[in-house]
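Trainee: Please give me a close look at just one part of this model: the sheets and the helices that go with them. I'd like it in plain words, one piece at a time.

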Amino acid sequence: MSDHGGVHLAHTEESSTRQVWRRVVVASLVLIACVLIVYTGRDGYVDNNGGEISVLDATYYATVSLSTTGYGDIVPVTPSARLINILLITPLRIMFLLILIGTTLEALTASSREEFRIRRWRSRVRQHVVVCGYGTKGRSAIRALLGNGTAPESIVVVDSDPAAIEEATASGFTGVVGDAGRAEVLRRTSVERARAVIVAANRDDAAVLIVLTVRQLNPTVPITASVREEENASLLRQSGADSVITSSAAAGRLLGLSTDSPRVVAVVEDLLTAGRGLDLVQRQVGQSEVGLSPRQLQDVVLSVTRGGRSLRFDDPLIGTLQSEDQLVVVKSRR
């Protein structure tokens, strides 16, 4: 398979039935217009069988004329009728033929156009996010990305289910059909130029294989992976994942909290829902904040990362903030 095989760009495709009916309606309107033109100027036409030109004769002439059959039994004889044929009937004939062969031309050129679009996309895509898996976790991760301002065209979805990729492209994302654990599939996502990779596989062994493959193709890209069983989290980290989310453990802790502290669960859900209410945000220390303590900031500071080490907001080692510090804060989205 070529480098472009399996890549599906975002699209809003009109159904084939609707396309056919649209062409039939346009062709019918062209035919009706031709009939009216001929019948209106019927005095300029002659029927070799004799008699006046009727509506049926005008329809017959329009039909054989537009289809370029032209039996010659009804012909324009006056200069005005021939001029109308040149100026009106001939353009209508060309339009009618283009409508009839439009479907064939579209079928012949569709693959070439799609190949060109994919080549252009591959040459331009930079700093995108690759999401491996478009299940419940993958879709939730994408919603968080969108809530934090990531553009849909900067998200590439990989899944082995063609129906899932069809759903992803209909939502405005680029999709790649295939197993994300295979290097040739990940190469189609241009993972070597990605700014982040999210691994949302349904199985832990598949997640480990994907992380290993991504790390082989891009040794520096940040990888966030989800894992079902907490005992497999260390294996994912050893494989190259920078962050590991244990879905079952996180769900279990929320279930336990909901028994005695239901409002705590509500706040946690609010923090995890990007774009509204309270949001968790990582940001650089501002110039005006250098020299202040975390408690003096307008945002609620949860942690400070300094020299690769993460310090809690109340850690005395923080002292005052420095220009290279990274903060994790709680912001209010009003």
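Mentor: Let's go through the sheets first and then the helices. The model is predicted, so to speak of local features pLDDT has to be at least 70, and side-chain atom pairs count only at 80 or more, while totals for chains, interfaces and linings use all residues. Residues are numbered from 1 along each chain as its sequence is written, and side-chain values use heavy atoms, leaving out hydrogens and water.

Start with the open sheet of seven strands, which goes β1-β6-β5-β4-β7-β8-β9 with mixed pairing. (Strands are DSSP E runs of at least two residues, helices are H or I runs of at least four, both numbered from the N terminus; two strands pair if DSSP finds at least two bridges between them.) At its edges sit β1 (7–8) and β9 (243–246), each pairing on one side only. Further in, β4 (residues 129–132) and β5 (residues 155–159) run parallel and are joined by four bridges. Val 131, for instance, has Val 157 in β5 as its bridge partner. Helix α7 (residues 204–217) packs on this sheet and touches β4, β7 (196–199) and β8 (223–227). The direction of α7 makes about 170° with that of β8. (Axes are lines fitted to C-alpha atoms, for helices over the stretch in contact, and angles run from 0 to 180 degrees between N-to-C directions.)

Now for the other open sheet: four strands in the order β10-β13-β11-β12, with antiparallel pairing. The edge strands here are β10 and β12 (309–312), and each of them pairs on one side only. Neighbouring strands in this sheet are turned by 25° against each other on average, if you ignore direction. Look at β11 (residues 300–306) beside β12: they run antiparallel, with four bridges joining them. Arg 306 finds its bridge partner in β12 at Arg 309.

Helix α10 lies across β10 and β13 of that sheet, at about 50° to β10. This helix, residues 262–272, also meets α9 (residues 247–260): their axes come within 6 Å and cross at roughly 135°. The two helices are therefore oblique to each other (under 35 degrees is roughly parallel, over 145 roughly antiparallel, 65 to 115 roughly perpendicular, and the rest oblique). From α9, Leu 254, Leu 257, Ser 258 and Asp 260 meet Pro 262, Val 264, Val 265 and Val 268 of α10 (contact is heavy atoms within 4.5 Å). That contact has six nonpolar residues, one polar and one charged (Ala, Val, Leu, Ile, Met, Phe, Trp, Tyr, Cys and Pro are nonpolar, Asp, Glu, Lys and Arg charged, and the others, Gly among them, polar).
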